[in-house]
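Biologist: Could you take me closely through one part of this model, the aromatic pairing, and then set it beside the other features that seem relevant to reading the fold?

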Amino acid sequence: MTTGSLLAADLVIAVLAAAGWLGGGAASAARRRPLALGLVAFALLATLARAITIIALARAGWWFAAEKVLIAAPLSLAAVAVAGPRLLRAPGDIRSVAVPLLFAGYAASGGLLVTVLHGYPASAGVGLLAVAGVLAATTVTWRVLGARPSPTVSRAALAAAVAALVTGTGLAVTPDAVTGVAHDHGYRDARTAGEPTRRFTLTAGTATVDVSGRDVAAWAFNGQVPGPELTATVGDVLEVTLRNRNIARGVTLHWHGYDVPNSQDGVPGVTQAAVLPGQEFVYRFRADQVGTYWYHTHAASDVGVRKGLYGALVVRPAPVTGVDVTVPVHTLAGLPLPAPRVEPVEAGVRVRLRLINTDSTTHRYALAGTPFRVAAIDGSDLRNPTPLVATAVLIPAGGRYDLVFTAPATPVALSVDGREVYATGPVSAATGAWPVLDPLTYGVASPVPWARFDREFTLVLDRGLDLRGLLPRYAHTVNGAADPDIPPQVVRLGDIVKFTIVNRSQVVHPWHLHGHHVLVLTRNGRPATGSLLWLDSFDVRPGEVWEVAFRADNPGMWANHCHNLAHADAGMTLHLLYS
Ligand code: C2O
Ligand code: CU
């Protein structure tokens, strides 16, 4: 069983246990003896099963189990200890055990709520809040059911509840680290005099675009979705003028995967102000990395990118031979882009397909009709990639794969999630059952350039209740906090930095660090054995633990976030900064 499915199973079992106790309590209050006993037996079984899932999760990594071991397990033990003996004394009137059974239900629910609303890290404050809730609910139940505990017992319970509530709230809301982020604008000029300059102008505005015969209201660069493909030869200087015609929420250009100087990174509030209607901003940087990249707005990025403010950025080595096709995949108003294109290619010609996933979720790509290699991932060439046949690739949100092959005499077709997007002729192939490439074992290894790390950070990804803003929200969190309350990661120029990224949530988080490429060290404790993988976007699936590292060689303040942009907006964004 994977850790991801263990997490899901644990959640289901916790719900069943709580429901069993609560149902048993309610049934006994209604004097439905057989039903009450049946539900209690079920709750006990579920509690036992939960012991197993919690132990298994603790073995998979403390991050997955901390609050379950420290808060939920003691509460469950209390539940069994209080309810068990009273049941065993086999009361003639089943109603007399209603309060202990409901107490057990509240205790089990309290533990569950801690996992669902708070998660990692477990803290004394949160534990005390849970205890306060359980005691308060039990006291109220006592009163309501008229079970009449002695006044001393009831006063003591109430006092304990209040004390736990006060201390718990105090502990839980005290900021435990730096909150907020000092936005220091480290503008630096790309020193670019003398090189050939490629100039582009991108004007953002609302537009109606045609997607497979349908009119769609979009936000577009130069009236088209995707925006114009920006191309350069390595060594050129790119000078891109961004204008905003009428996007009220502002626009910027972020060069996704391109390690530009910080001042050109296009993150509003961090490296520049958003470009408002009528304004412009000129980006200038040297195209010194070859490969497949993309650009997109980073102002209101979730809605902005979804509505169409993105395009491809391709930097090629000097002489280009063969066929070179860019395939940016996107979902615009529920409709898939690009429209399928069919172009015959002569046998023997080298073909490079540059696949770009500009959506917020993973896509599955399958190339049928020819053996192919994955020449590059996220713009970095792989070492000795072997030919693949009948193998699919999964590209994370924001990620890019370059597939290369020599055109055979027969047609070839590329499909995305089963929909054909590019072909050299008619191909009928069932690709749905193909195995998926694991990039961590593909190509030939070289030694990892670093043996020790100057800084290590752990990012535990989850969901949780965020009460720090104006309105409470169920945020996507990092180490229990949501943007802007996630402490920044501070490094010094030249540091070798290691990140451990742990996903304890139920959804995929495509991780993306700006300004740097990270080298994948391990996934779930197993070292990467293929070609060194320098990524800027990688899927951390539920229950996964990734260790990645990079050299801090690009000073500034950099966004570090989930590239499911709805998650990024809902809290899953932090910053890396140089001291
Ligand atoms: Cu492609 Cu900060 O994003
Ligand atoms: Cu995410």
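Modeller: F457 counts as buried, since its relative accessibility of 17% falls under the 20% cut-off, and F499 is likewise buried at 2%. In this predicted model the two rings form an edge-to-face aromatic pair, with 5.9 Å from centre to centre and 80° between the planes. Because F457 belongs to strand β20 (residues 455-466) and F499 to strand β23 (residues 496-503), the pair ties together parts that are 42 residues apart in sequence. The count of aromatic pairs comes to 13, and ring pairs also link F221, W255, Y258, F281, Y283, F285, Y293 and Y295 into a cluster.

Turning to the nonpolar cores, the largest one has 56 residues, and those with the most contacts inside it are L353, V374, L403, L414, W511 and F538. A second, separate core of 26 residues includes L253, Y283, F285 and A287; of these, Y283 and F285 are also members of the ring cluster. In the largest core, L353 touches V325, L367, Y401, D402, L403, F405, L414 and Y422, leaving aside residues up to four places away in sequence.

The copper ion (ligand 2) has as its protein donors H509 through ND1, C562 through SG and H567 through ND1, at 2.0 to 2.1 Å, and along the chain these donors follow the spacing H-x52-C-x4-H. H509 lies in strand β24 (residues 509-513) whereas H567 lies in helix α8 (residues 565-569), so this pair ties together parts that are 58 residues apart in sequence. H509 is buried, with a relative accessible area of 0%, and H567 also counts as buried, at 9% relative accessibility.

The backbone of the loops deserves a look as well. In the loop between β21 (473-478) and β22 (489-491), which holds P484, a cis peptide bond joins D483 and P484 with omega about 5°. The loop between β21 and β22 also contains N479, whose phi is near 50°, a positive value in a residue other than glycine; N479 is partly exposed, with a relative accessible area of 31%. Another positive phi near 50° belongs to A333, found in the loop between β9 (323-332) and β10 (335-337), and A333 counts as exposed at 60% relative accessibility. The peptide bond from V225 to P226 is cis too, with omega near -5°, and P226 lies in the loop between β2 (214-221) and β3 (230-233).

Note on methods: Residues are numbered from 1 along each chain as its sequence is written. Chains are lettered from A and ligands numbered from 1 in the order in which they are written. This is a predicted model: local features need pLDDT of at least 70, side-chain atom pairs count only at pLDDT 80 or more; totals for chains, interfaces and linings use all residues. Side-chain values use heavy atoms; hydrogens and water are left out. A nonpolar core is a set of buried Ala, Val, Leu, Ile, Met, Phe, Trp, Tyr and Cys residues joined through side-chain atoms within 4.5 Å. Buried means under 20% relative accessible area, exposed over 50%, partly exposed in between (1.4 Å probe, protein chains only). Contact means heavy atoms within 4.5 Å. Donors are N, O and S atoms within 2.8 Å of the metal (3.2 Å for Na, K and Ca); water is not among the atoms, so sites may look incomplete. Helices (H or I, at least four residues) and strands (E, at least two) are DSSP runs, numbered from the N terminus. Rings of Phe, Tyr and Trp (its six-membered ring) pair if their centres lie within 6.5 Å; planes under 30 degrees apart count as stacked, over 60 as edge-to-face and the rest as tilted.
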